[in-house]
Amino acid sequence: MPSSARIPVLILTGYLGAGKTTVLNRFLAASGARIGVIINDFGDVNVDAALVAGQVDEPVSVAGGCLCCISDPEQLDDAFKKLTRPDLRLDAIVIEGSGVAEPPALLRLVMDSRVPKIRFGGLIEVVDAAHIPQAEAAGWDLEQHVRAAAVVLLTKTDLVTDPGARNSLEARIQRANPHAMIIEAPHGNFDPALFVDASDDDELEFGQLALWNPGETLGESQADHDHARHHHVHHQSVTVEHEGPVDPVALSEFALDPPETVYRVKAIVDVVTASGARRFAVHSVAGYVTVDAMARAQEEPAASSLVAIGLELDHADLQARLEAFCLPSTTPPASASQLRRLTRFRT
Ligand SMILES: Nc1nc2c(ncn2[C@@H]2O[C@H](COP(=O)(O)OP(=O)(O)OP(=O)(O)O)[C@@H](O)[C@H]2O)c(=O)[nH]1
């Protein structure tokens with residue numbers, strides 16, 4: 001991981017019992033990444049949190065990562081500080097909101113965090129497709145909850161027998177948030193690679209305390225079956241490697257407003273400036289952009305690498321769009337205002 005890289009923070013919210021912990025366990029078990037988990041307990045009885053109650057002072061090891069428990073959102077920055085410790089070498093942090101936390105409030109806390117080593121990695125709203133009327137009768141507001149989401153994971157779709165109810169749920173979600181990706185995730189079964197990159201180093205030193213209990217999750221055959229039926233849950237990516245710089249204006253526009261099928265963009269790019277080439281790491285998750293400056297040796301030839309990740313991508317079109325940012329090495333320097341179009345996302 002380059003030293004300037006920040007750890008993406010994913011927010012996982014959803015109504016009580018919607019399937020958040022099931023989804024989280026899937027992340028821990030199947031992503032191949034080292035995940036830090038923050039459980040926002042708010043005093044609720046939460047089975048998984050109970051395993052590590054009182055562990056806010058020191059992250060506790062779990063299979064595939066480690067875990068901090070907080071009981072108050074004000075403790076969030078403390079948990080971030082602990083989980084961004086270099087020795088933990090985490091690839092991502094997931095916050096599991098309590099069923100009562102409102103997504104926009106959690107989103108604000110992450111965006112306003114003063115911990116420099118994190119960046120927002122997207123908000124995932126878990127929606128129990130089989131029990132919407134019950135949740136609404138208890139005061140839960142579907143529209144409000146999906147509005148801030150980059151992705152809506154539909155759980156318990158195995159229990160929905162009426163296709164009409166299922167279609168009208170999707171239509172409601174789409175009306176409330178036309179940009180949200182809606183993904184079926186029965187039993188938390190979805191492709192975590194859409195959200196996090198697997199660690200290069202897959203040797204896990206953690207794991208004394210497994211959050212993931214294989215006995216409680218899907219058997220392989222059921223998982224295979226669901227994957228076959230919901231083929232669209234697999235992530236796809238398009239990569240462009242270019243021996244030269246990129247156009248900072250075109251890249252910033254793409255990062256801000258990627259095609260709907262693209263969930264995230266990651267790019268390490270060189271930009272030619274009046275004072276020589278500069279290198280930036282650019283991340284975009286559902287249109288939230290972060291840019292970090294990276295070190296580069298001046299004598300190094302310009303090089304850029306761009307990756308778009310999402311579902312059901314139009315590969316040829318995306319490839320052409322990414323290639324359109326690539327400029328020849330002999331390109332004249334970007335003006336200060338052109339460069340600022342990209343660097344304004346530095347935080
Ligand atoms: N049939 C079915 N059951 C599911 C599915 N996803 C989760 N469950 C079950 O629903 C129950 C609640 O799931 P959890 O993952 O604990 O939900 P949660 O949102 O973390 O719950 P709280 O932490 O209490 O808010 C568990 O018994 C799960 O096994 C699904 O897709 N289908």
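**Exercise 1. In which sense do strand β1 and β5 pair, and over how many bridges?**

Solution. Keep in mind as you work that this is a predicted model.
- Step 1: find strand β1 at residues 7-14 and follow its pairing with β5, which is parallel and runs over 4 bridges.
- Step 2: pick out one facing pair. Leu-12 stands opposite Glu-96 in β5.
- Step 3: recall the background. Strands of a sheet pair through backbone hydrogen bonds, either parallel or antiparallel.

**Exercise 2. Work out which way the side chains of β5 point, and whether they are buried or exposed.**

Solution. Let's begin with the general rule.
- Step 1: in a regular strand the side chains alternate between the two faces of the sheet.
- Step 2: apply this to β5. Ala-92, Val-94 and Glu-96 point one way, while Ile-93 and Ile-95 point the other way.
- Step 3: check the burial. Residues on both sides are buried, and the count for strand β5 (residues 92-96) is 5 of 5.

**Exercise 3. Find the largest nonpolar core and say which residues have the most contacts inside it.**

Solution. We can stay with β5 for a moment.
- Step 1: the largest nonpolar core holds 83 residues, and Ile-93 and Val-94 have the most contacts within it.
- Step 2: ask which strand gives the most to this core. That is β10, residues 262-273, with 7 residues.
- Step 3: look at the domains. At least three residues of the core come from each of domain 1 (7-233) and domain 2 (236-343).
- Step 4: zoom in on Val-94. Beyond its neighbours within four places in sequence, its contacts are Leu-10, Leu-12, Leu-24, Phe-27, Ile-35 and Val-37.

**Exercise 4. Trace the 5-stranded open sheet and name its strand order.**

Solution. Now move to the sheet that contains β10.
- Step 1: the order reads β9-β13-β10-β11-β12, with antiparallel pairing.
- Step 2: the edges are β9 (236-242) and β12 (288-294), each of which pairs on one side only.
- Step 3: on average, neighbouring strands here are turned by 15° against each other, with direction ignored.
- Step 4: look at one pairing. β10 and β13 are joined over 6 bridges in the antiparallel sense, and Ile-268 stands opposite Ser-305 in β13.
- Step 5: add the helices. α9 (residues 248-256) lies across β10, β11 (276-285) and β12, at about 165° to β10. α10 packs on the sheet too, touching β9 and β13, and its direction makes about 30° with that of β9.
- Step 6: compare with the record. UniProt, in an unreviewed entry, places the feature "domain: CobW C-terminal" at residues 235-326. In the model, this span is 20% helix and 47% strand, with its end C-alpha atoms 25 Å apart.

**Exercise 5. His-187 and Glu-312 both deserve a backbone check. Is His-187 buried or exposed, and is Glu-312 buried or exposed?**

Solution. Start with the backbone angle.
- Step 1: most residues other than glycine have a negative phi. His-187 has a positive phi of about 55°, and Glu-312 has a positive phi of about 50°.
- Step 2: place them. His-187 sits in the loop between β8 (181-184) and α8 (220-229), whereas Glu-312 is in the loop between β13 (304-310) and α10 (315-323).
- Step 3: count neighbours. His-187 is buried because it has 20 C-beta neighbours inside 10 Å. Glu-312 has 12 other C-beta atoms within 10 Å, so Glu-312 is exposed.

Technical notes: Residues are numbered from 1 along each chain as its sequence is written. This is a predicted model: local features need pLDDT of at least 70, side-chain atom pairs count only at pLDDT 80 or more; totals for chains, interfaces and linings use all residues. A nonpolar core is a set of buried Ala, Val, Leu, Ile, Met, Phe, Trp, Tyr and Cys residues joined through C-beta atoms within 7 Å. Helices (H or I, at least four residues) and strands (E, at least two) are DSSP runs, numbered from the N terminus. Domain bounds come from an automatic or database domain assignment. Two residues are in contact if their C-beta atoms, placed from the backbone, lie within 7 Å. Two strands pair if DSSP finds at least two bridges between them. Axes are lines fitted to C-alpha atoms, for helices over the stretch in contact, and angles run from 0 to 180 degrees between N-to-C directions. UniProt positions are given in the numbering used here, feature names are shortened, and annotations may be inferred rather than shown by experiment.
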